[in-house]
Amino acid sequence: MSFYGLVDGSEKSLLNFLNQLSGVDQVGAESRAAMLATRSIKTTSKRWAIDTAISMVDLTTLEGADTPGKVKALCSKAVRPDPTDSTVPSVGAICVYNDMVSIARTHLDSIGGEKVPVAAVSTAFPSGRASMDVKIRDTQDAIDAGAAEIDMVIDRGAFLSGKLGLVFDEIVKIRQVCGEKAHLKVIFETGELVTYDNVRKASYLAMLAGADFIKTSTGKVAPAATPPVVLVMLEAVRDFYSLTGRRIGVKPAGGIRTTKDAIKQLVLVNETAGPEWLTPELFRIGASALLNDLLMQRMKMDDGYYASPNYVTID
Amino acid sequence: MTFEYAPALEPRAIVTIKPKYGHFINGSFVSGKRHFPTINPATEEILSHLSLGSASDIDKAVAAAQKAYTKTWSKLSGKERGKYLYRIARILQERAREFAVLETLDNGKPIRETRDIDIPLVAAHFFYHAGWADKLDYAGLGHSPQPYGVAGQIIPWNFPLLMLAWKVAPALATGNTVVLKPAETTSLTALLFAEVCQQAELPDGVVNIVTGDGSTGATLVNHPGVHKIAFTGSTEVGKKIARAIAATDKKATLELGGKGANIVFDDAPVDEAVEGIVNGIFFNQGHVCCAGSRLILQESIAEEIIEKLKVRMAKIRVGDPLDKNTDLGAINSREQLTKIQELAAIGDAEGAQRWSPQCNLSDKGYWFAPTIFTGVTQAHRIAQEEIFGPVLSVLTFRTPQEGIDKANNTPFGLSAGIWSEKGSRTLWASQQLRAGVIWANTFNKFDPTSPFGGYKESGWGREGGKHGLAAYLKTGRESGGK
């Protein structure tokens, strides 16, 4: 098999490729991210950024206590984030556990949300500690239930013990399960990979193995989508595009709760990967609380004052 | 629609600029006889008129400094001097925004830099030196080192208030008094600093500020009442000062020009190196004596770095310095713009390849797009002469030793940067480079605890850190055997 003509699928060729990547200087990456965080986004550009961010939210519930009722409520919110204002765009996707996929899909279809895809977390999310057979079944199950996007986790234990070939093979297999039916997002859990060098390696590994998106975190481990981690991943998709001509998406998830945080992410995208990535096709934000803050800031821009939180719906 | 950043202007209402300024002598403002305009280089708007310091103004200022030295400042304990410095530092922090806006208006540098770099560093210098004032006996300079008396200080226009802080803070901490001559085009923050001295109730005459041009500075250097000269500026003027004080007992520190080398090895962290190259040459419009104005790339990665550098340069936001999203502001003066244009034209004529991203530059004010020249060799003038603008010369090398040799092949020796992920290579290279400041995997980072200064024609002495204190103190037998 050939993977973009860059590696042949053997662990050796993968390691050869990953080892020639340049290192990331921690101080430098963090200071670049900190500098971009000082960008001041006002008036018309803030309004544009808020709507764009809303359209990029993967509205997420991943709790043991999730019920059909909770998931349906979230679906309604996803389609019409602000029931009083039809100019608010729908979110990017709904993100749920495997067993909630069909409930979400059915409900979305029944309320005019046919265009909102359902993403399922997969491969023994969040730890990834299960056999390959179980991971494949997990994924197949979600696709059969109507998931159009699969958010798989990598085996961090394998990654940290240097078994990069194993991590690669798992992604390749899940990619095959997804086929044409589902987009594949690969979650690194950057809070467990820890170093930026690892984040860069994981990014290339996942892209070569067929990821459509690379995603920072499960939301279960802190730190998650810190700006420098996202910066390093955006550099990776930018450079991968110039290598292969294919644009891979990026999804920060975890810890992005406020409009300010979201706008900082959009600035990172704009000035690192470039404006081509400022679309839900190529950038998503995994979040739950964020959406309400975006809505409140949007109302504030229209009305000139902050409304009570009772004017946005709880989900 | 794309993500255009709407204008995000820092309000200028916080600053009050008087139509006319005098000198600050003996604790009060004294009008000079003749005045000259000072402008905002981003708009060419006249901001105010400054007094042109004459010989008699300098006389008065030096006399005030001498009197303050003998009557008050030398009688105070280090602890008491420290209190004044702490007070000044706190006021500078409290009025940071005002200083940042004024510096941006007067100098043309972006508000992001004055707000996040210049003014915080200014306060840090005063805090740092305030701490030394009562500990000079323990600075490793021998027992009871003594001040010289009156320090004559001449500062440049590229970091107006920061250079004032580099000069004034150590001078006062060590017990000297000061006559300061700010740069002709950028005196306004120094005059606002004079107000801070009043607000801090600093004893009259401890800090005196005389505005003016080169002739005012020359008068100060030659004044017999001045015991120590501290100058930051061009090598040309530095040499004149060295000649002027030869055969006198005046001490001097000279912080002069540079042609800093940023050496990128093939094992560098590429993305951060590109950031460092940008920060090295486009920080402060390249008006930085220690700018990384020569990029020396290992040939095997040259193409990749240049390509990434161009992509990054296209993101540099050139425009209104008061806009919080501006990265590159205005060139400080018409004179400097002309000099940059002339040297860039020489680069073209010598056959180097010029490249700049698309920039919409304003018709008003002085602007120069970020520029790189590739295909530069040691034999090009743009590889040898300080341009002092946003212009980068790119050279290549084959082996590490060749890289070092090219970096050192300059009459200057102020700064250098090394980019490598290999610790042993970085240590080796830093031992070979003849430059006063060497950065590893970063560039243009400053801290009051770190001595700064040059080798060769980049100057004499160090500023900052313990080494910087030594420049303002008589030690050993010189200190009178105390």
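Select helix H6 (132-144) and helix H8 (residues 164-178) of chain A, whose axes come within 9 Å and cross at roughly 30°; the axes are lines fitted to C-alpha atoms, for helices over the stretch in contact, and the angle runs from 0 to 180 degrees between N-to-C directions. H6(A) and H8(A) are therefore roughly parallel to each other, a label given to angles under 35 degrees, while those over 145 count as roughly antiparallel, 65 to 115 as roughly perpendicular and the rest as oblique. The crossing of H6(A) over H8(A) is right-handed, meaning that the near helix is turned clockwise from the far one by less than a right angle, whereas anticlockwise would make it left-handed. Helices and strands here are DSSP runs numbered from the N terminus, with helices (H or I) of at least four residues and strands (E) of at least two.

This is a predicted model, in which local features need pLDDT of at least 70, side-chain atom pairs count only at pLDDT 80 or more, and totals for chains, interfaces and linings use all residues. Residues are numbered from 1 along each chain as its sequence is written, and chains are lettered from A and ligands numbered from 1 in the order in which they are written.

Now show the side chains between the two helices: Met132(A), Lys135(A), Ile136(A), Thr139(A), Gln140(A) and Ile143(A) in H6(A) meet Glu170(A), Lys173(A), Ile174(A), Val177(A) and Cys178(A) in H8(A), where contact requires C-beta atoms, placed from the backbone, within 7 Å. By class, this contact has six nonpolar, two polar and three charged residues, with Ala, Val, Leu, Ile, Met, Phe, Trp, Tyr, Cys and Pro counted as nonpolar, Asp, Glu, Lys and Arg as charged, and the others, Gly among them, as polar.

Next, move to Pro126(A), in the loop between strand S3 (118-122) and H6(A), where the peptide bond from Phe125(A) is cis with omega near 0°. A further cis bond, with omega near -5°, joins Ala222(A) to Pro223(A), and Pro223(A) is placed in the loop between strand S6 (213-215) and helix H11 (227-244) of chain A.

Then colour the contact between the chains, which takes 24 residues from chain A and 22 residues from chain B. On the chain A side, the elements that give two or more residues are helix H2 (26-36), helix H3 (43-56) and helix H12 (259-272), and H3(A) gives the most, with five residues. The residues of that side divide into nine nonpolar, nine polar and six charged.

In chain B, select Asn26(B), in the loop between strand S1 (23-25) and strand S2 (28-30), which has a positive phi of about 55° although it is not a glycine. Asn26(B) is partly exposed, with 18 other C-beta atoms within 10 Å; a residue is buried at 20 or more such atoms, exposed at 12 or fewer, and partly exposed in between. Phe388(B), likewise not a glycine, has a positive phi of about 60° and is found in the loop between helix H12 (381-384) and strand S15 (391-397) of chain B; Phe388(B) is buried, with 24 other C-beta atoms within 10 Å.

Finish at Gly365(B), in the loop between strand S13 (353-355) and strand S14 (371-374). Which residues does Gly365(B) contact, leaving aside its neighbours within four places in sequence? They are Pro41(B), Ala42(B), Thr43(B), Glu44(B) and Ala330(B). Gly365(B) is buried, with 21 other C-beta atoms within 10 Å, and lies 7.9 Å from Asn40(B), C-alpha to C-alpha, although the two are 325 residues apart in sequence.
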